[in-house]
Amino acid sequence: MGTFFSEPGWLFLTVTAVLGGTILCKLKTSPGQVGRKVVCLAGLWGGACLISLSLFWGLVLFSLSYFVMYTYFSGQELLPVDQKAVLITGCDSGFGHGLAKYLDELGFTVFAGVLDEQGSGAEELRRTCSKNLSVLQLNITNTQEIKAAYSKVKEKLQNKGLWAVINNAGVLGLPTDGELIPMTEYKRCMAVNFFGAVEVTKVFLPLLRKSKGRLVNISSMAGGVPMQKMAAYGSSKAALIMFSSILRQELSKWGVKVSVIQPGGFKTNISGTSQMWEKLERTVLDNLSPEVQEDYGQDYILSERSFLNLMKTSTDPDISPVLLDVRHAISAQSPFAFYAPGKLSYPWLCFASVSPTGIFDYLSRKIHTYSKKMPRVLSTSNWENEAM
């Protein structure tokens, strides 16, 4: 207690207050959740006053903190929009639809790629957005449509480069045990969530290199946090993260900056409709071997629909954190390599990275309880005796 109320202790408290005030002022003008790491830094500084041993080391810590904060904030100023051109995939609904509208309002020239240019999402964009937004037919699993979109973008931009590509299009597939997911669903998730984003990136990179622009890939918290029922989806998003991380290094010599967005639980149309789930359930049942279907039981397989209800009730309908983080990624002088919008996304990603696997698996089982239903064989009382 004597150290805390000594002259160095009061100095540390004063400096903490100054740093905290600076952070709060900056956070008011910083988009998204870019201030989380700085808040952690302020917390570490405040905690340091409790264990400080001398004025000298306190000043050393203060100098280091000041340098880190100065470096951090110096790159957070947003560049002027100046009608910079951006391409967004998957704008029929969800994040892509919201991004197209948001960036159009900010004054960007937006190329909104959609799966169906005659669909309701595309029509709404045409009706509500400015003339600076162009709707493009762009199925990212179709090479010809990607090349056609590239030609249209290049023709409209003429000699100007494309400032940003935002790979947003994605599919969820059927969330269920990895053994039950058909290979067609694994391949579909990889085709859209990974290979489609890779091909769009490769085709449009010449325009990005010309402008020294930005590549932003929308992944998921599931790409960094092992989540039950998400074997197909999480694997495809993890592949996208690794692809992005490697390109971040390779494209730095061209002046192109690469960012990954890993959203937590937000309410979008990616979960699909009840009709889509019924079709996927039939696909699962039709592709299971008699042995696997006998072990799991049809009741267990059909009970997985409870996950759909969970997604509807526990996800956040406000997608503005994602929009703000994407804006920062394409506008900041020094964008971050990773963003984690969502209430629990950043803590879970950190926890999954540093915690022992035993602890992580235990907590994951306790928290992510989607259904109390067990596979048929495991629910029988004599299963353990038979296994032994």
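**Close-up views of a predicted model**

**Figure 1. The whole protein, before we zoom in.** The protein has 16 helices and seven strands. Keep in mind that this is a predicted model. The protein runs to 388 residues, and 47% of them count as buried. Take the contacts between residues at least 6 apart in sequence: 75% of these join residues that are at least 24 apart.

**Figure 2. The largest nonpolar core.** Here we look at a core of 34 residues. Which of them touch the most other members? They are Leu87, Phe111, Val153, Leu162, Val165, Val200 and Phe204. Strand E1 (85–88) supplies at least two residues of this core, and so does each of the helices H6 (143–157), H7 (183–211) and H8 (231–250). The biggest giver is H7, with ten residues. As general background, nonpolar side chains in soluble globular proteins tend to be buried together.

**Figure 3. Phe204 and its contacts.** This view picks out one of the core residues with the most fellow members touching it, Phe204. Setting aside neighbours within four places in sequence, Phe204 is in contact with Leu87, Ile146, Ala149, Tyr150, Val153, Leu162 and Val165. Apart from the largest core lies another one, made of 32 residues, including Ala122, Leu125, Val135 and Ala164.

**Figure 4. Helices H4 and H13 packed together.** Two packed helices are described by the angle between their axes and the distance between the axes. For helix H4 (residues 94–106) and helix H13 (residues 320–331), the angle is about 55 degrees and the axes are 10 Å apart. That angle makes H4 oblique to H13. The crossing of H4 past H13 is right-handed.

**Figure 5. Where H4 and H13 meet.** Which residues does each helix bring to the contact? From H4 come Phe95, Gly98, Leu99, Tyr102, Leu103 and Leu106. On the H13 side, they meet Val322, Leu323, Leu324, Val326, Arg327 and Ile330. Sorted by class, the contact of H4 with H13 has ten nonpolar residues, one polar and one charged.

**Figure 6. Ala329 in helix H13.** We stay with H13, this time for Ala329, which has its place in that helix. Is Ala329 buried or exposed? With a relative accessible area of 1%, Ala329 is buried, because buried means under 20%. Leaving out neighbours within four places in sequence, Ala329 is in contact with Arg214, Val216, Ser259, Pro335 and Tyr339. One of these, Val216, is 113 residues away from Ala329 in sequence, yet their C-alpha atoms are 7.1 Å apart in space.

**Figure 7. Met230 in a loop.** Met230 sits in the loop between strand E5 (214–218) and H8. Met230 is buried too, with a relative accessible area of 10%. Beyond its neighbours within four places in sequence, Met230 is in contact with Leu172, Ser235 and Phe307. Gly173 is 57 residues from Met230 along the chain, and 8.6 Å separates the C-alpha atoms of the two.

**Figure 8. Ser120 in helix H5.** The last view goes to Ser120, found in helix H5 (residues 120–128). Ser120 is exposed, with a relative accessible area of 65%. How far apart in space are Ser120 and Asp92? C-alpha to C-alpha, Ser120 and Asp92 are 7.6 Å apart, with their positions 28 residues apart in sequence counted as the distance along the chain.

Note on methods:
Residues numbered from 1 in each chain as written. Predicted model: local features only at pLDDT ≥ 70, side-chain atom pairs only at ≥ 80, totals over all residues. Heavy atoms only, no water. Core = buried A, V, L, I, M, F, W, Y, C linked by side-chain atoms within 4.5 Å. Buried < 20%, exposed > 50% of the residue type's maximum accessible area, 1.4 Å probe, protein only. Helix = DSSP H or I, 4+ residues; strand = E, 2+ residues; numbered from the N terminus. Contact = heavy atoms within 4.5 Å. Axes fitted to C-alpha atoms, helices over the stretch in contact; angles between N-to-C directions. Parallel < 35°, antiparallel > 145°, perpendicular 65-115°, else oblique. Left-handed = near helix turned anticlockwise from the far one by under 90°. Nonpolar A, V, L, I, M, F, W, Y, C, P; charged D, E, K, R; others polar.
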